[in-house]
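Trainee: Could you show me how to read a structure feature by feature? I would like to hear the general idea and then the case at hand.

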Amino acid sequence: MAKVKKIIAGWIIDGTGGPVYEKTLLNIDNGKIKSITNTEQKDYYDHDTLNLSEYTIFPPLVDAHVHLAMSGTIKKKNREHQLNAGYDEIKHNISNHIYSCLSHGIMAVRDGGDHCGHSLKFKKNNSNFLKNPMIIHVAGKGWYREERYGSLVGQPVAKNESLADLILKEKYDDVQHIKIINSGLNSLNDYGKETAPQFNLLEMKEAVNAAKSLGLKVMVHANGKIPVKISVEAGCDSIEHGYFMGMKNLELMAKNNVSWIPTTTPMKAFLEQIGTSSNDGKIAGLNLKHQIKQMEFAREIGVNVVAGTDSGGFGVNHGVSLIEELKIFSKAGYKINETIRCATTNAYRLLEIDSFNSLSIGNRLNFIATKGSPAELPYSLNDCSIFNNDGFVKSPISALRYTPRHCDVR
Ligand SMILES: [Zn+2]
């Protein structure tokens, strides 16, 4: 196929949070954006021009919190089964989950761990494929304090053991970040009830230093004021969930450049499954409302908020759930260009992905195209195309060197 030198795009959301450009012509030179100008012209038939005048284009999306080894099934038996299934079975599920992500414009994911380390093994075994088109950052197994919450996604730290020592002893080939669990789950019985931290400030500081000495980032599962405060003061890179962490913690995160992944979809999915006639459902709805308030504040003060779904959780399906997560951003007052920034450049910053950029002059070009105007987003992600900078050949999902295999968890 011929190399594309010009692209007519109906709308560009560049990923920086800047204004949406309408009716544009991009000139491409040597894989990079040379210029972006206005054009009224809609019909180009040159062999080197890609006509996307009916499409919105934006940089590749990231889901910054997933559990690839788990599906979003709501059947109790299936959830239990997949937790203990072997790698040979789970690898097919991981393939399917990656395919679902690509189908929704997600070209990078950050995995929050599984207690068998299957996602890490998958990454090791598929390193060639995963360089292109999908980037996967993994934690392997997370760490939690013995007898506390965390056995689903991690391995225990015994009471007499030091988390930092364990981190330093582990072999971390192919791993990009350490996952530490530093609180319990959100209560679905008592609204706003907080749990105690799993590790104290000194333990967390030592653990963060150990991770940094290995060149690894630290993602911390934390809900509630004290667990989040300890994690942020210890110097972690991101707070996952952060329900009921409070405004003071958000201010500290903005100051210390700690990213926040609010993962609202699990609450929403639970609410939809259970309904508000039960107490659990009511509390889930209130939790979600409170989280949206925190997101509004985070937007105002400029926290690096990053979109992440917690896919693999109850009712949270890979790929499609990012649409649900992005819908919540608009409820928290984010305009579509700001929402896309949270799922693109904010995420690139946290993951230190340098192969993707904003759609700005001088940058290499990788992008997603969805039919219609930005007003159709995020719903239009259900039908999107990926374009890579490998000669700017259009790559519909089906043409990618990738065949999903179906193997449902029984
Ligand atoms: Zn998670």
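Mentor: Gladly; we will go through a metal site, a helix, some empty spaces and two single residues. Keep in mind that this is a predicted model.

Trainee: Let us begin with the metal. Which protein donors does the zinc ion have, and where do they sit in sequence?

Mentor: As general background, ideal angles at a metal are 109.5 degrees for four tetrahedral donors and 90 or 180 degrees for six octahedral ones. Here the protein donors of the zinc ion are NE2 of His65, NE2 of His67 and OD of Asp310, at 2.1 to 2.3 Å from the ion. Their spacing in sequence reads H-x1-H-x242-D.

Trainee: Are the two histidines buried or exposed?

Mentor: His65 is buried, because its relative accessible area is 0%. His67 counts as buried too, with 6% relative accessibility, since the cut-off for buried is under 20%.

Trainee: Now a helix. Which residues of α1 are buried?

Mentor: In helix α1, residues 76-84, the buried ones are Asn78, Arg79 and Gln82. They lie on the same side of α1 because they cover an arc of only 100° around the axis. The other side of the helix has Lys76, Lys77 and Asn84, which are exposed.

Trainee: And what do the buried residues of α1 pack against?

Mentor: Their packing partner is α2, residues 87-103.

Trainee: How does one look for empty space in general, and how much of it lies in the largest pocket here?

Mentor: Rolling a probe the size of a water molecule over the atoms shows where empty space is left. In this model the largest pocket holds about 710 Å³ of space. It is lined by 26 residues, and the closest to its centre are Tyr149, Leu185, Asp310, Gly313 and Phe314. Notice Asp310 in that list; you have already met this residue as a donor of the zinc ion.

Trainee: Which helices contribute to the lining of the largest pocket, and how does the lining divide by class?

Mentor: At least two lining residues come from each of α1 and α9 (265-274). By class, the lining has twelve nonpolar, ten polar and four charged residues.

Trainee: How many cavities of 30 Å³ or more does the structure hold?

Mentor: There are two cavities of that size. The largest cavity has about 60 Å³ of space, and its lining includes Ala69, Met70, Gln82, Leu83 and His115. Gln82 is also one of the buried residues of α1. The lining of this cavity consists of six nonpolar, three polar and one charged residues.

Trainee: What about the second largest cavity?

Mentor: About 40 Å³ of space lies there. Among its lining residues are Leu185, Asn186, Lys193, Glu194 and Tyr243, and the class division is three nonpolar, five polar and two charged. Leu185 belongs to this lining and is also listed among the residues closest to the centre of the largest pocket.

Trainee: Finally, single residues. Where is Thr24, and what does Thr24 touch?

Mentor: Thr24 is in strand β2, residues 21-29. Thr24 counts as buried because its relative accessibility is 2%. Leaving out residues up to four places away in sequence, Thr24 touches Ile7, Ile8, Ala9, Ile12, Ile36, Thr37 and Thr39.

Trainee: And where is Glu40?

Mentor: Glu40 is in the loop between β3 (32-38) and β4 (49-58). With 60% relative accessibility, Glu40 counts as exposed. Glu40 and Ala85 are 45 residues apart in sequence, and their C-alpha atoms are 56 Å apart in space.

Technical notes
Residues are numbered from 1 along each chain as its sequence is written. This is a predicted model: local features need pLDDT of at least 70, side-chain atom pairs count only at pLDDT 80 or more; totals for chains, interfaces and linings use all residues. Side-chain values use heavy atoms; hydrogens and water are left out. Buried means under 20% relative accessible area, exposed over 50%, partly exposed in between (1.4 Å probe, protein chains only). Helices (H or I, at least four residues) and strands (E, at least two) are DSSP runs, numbered from the N terminus. The arc is that of the directions from the helix axis to the C-beta atoms. Contact means heavy atoms within 4.5 Å. Donors are N, O and S atoms within 2.8 Å of the metal (3.2 Å for Na, K and Ca); water is not among the atoms, so sites may look incomplete. On a 1 Å grid over the protein atoms alone, a cavity is a set of points where a 1.4 Å probe fits but cannot get out, and a pocket is an open set with protein on both sides within 12 Å along at least five of seven lines; lining residues have an atom within 4 Å of a point. Grid points are joined across faces, edges and corners, and a volume is the space filled by probe spheres set on the points. Ala, Val, Leu, Ile, Met, Phe, Trp, Tyr, Cys and Pro count as nonpolar, Asp, Glu, Lys and Arg as charged, and the others, Gly among them, as polar.
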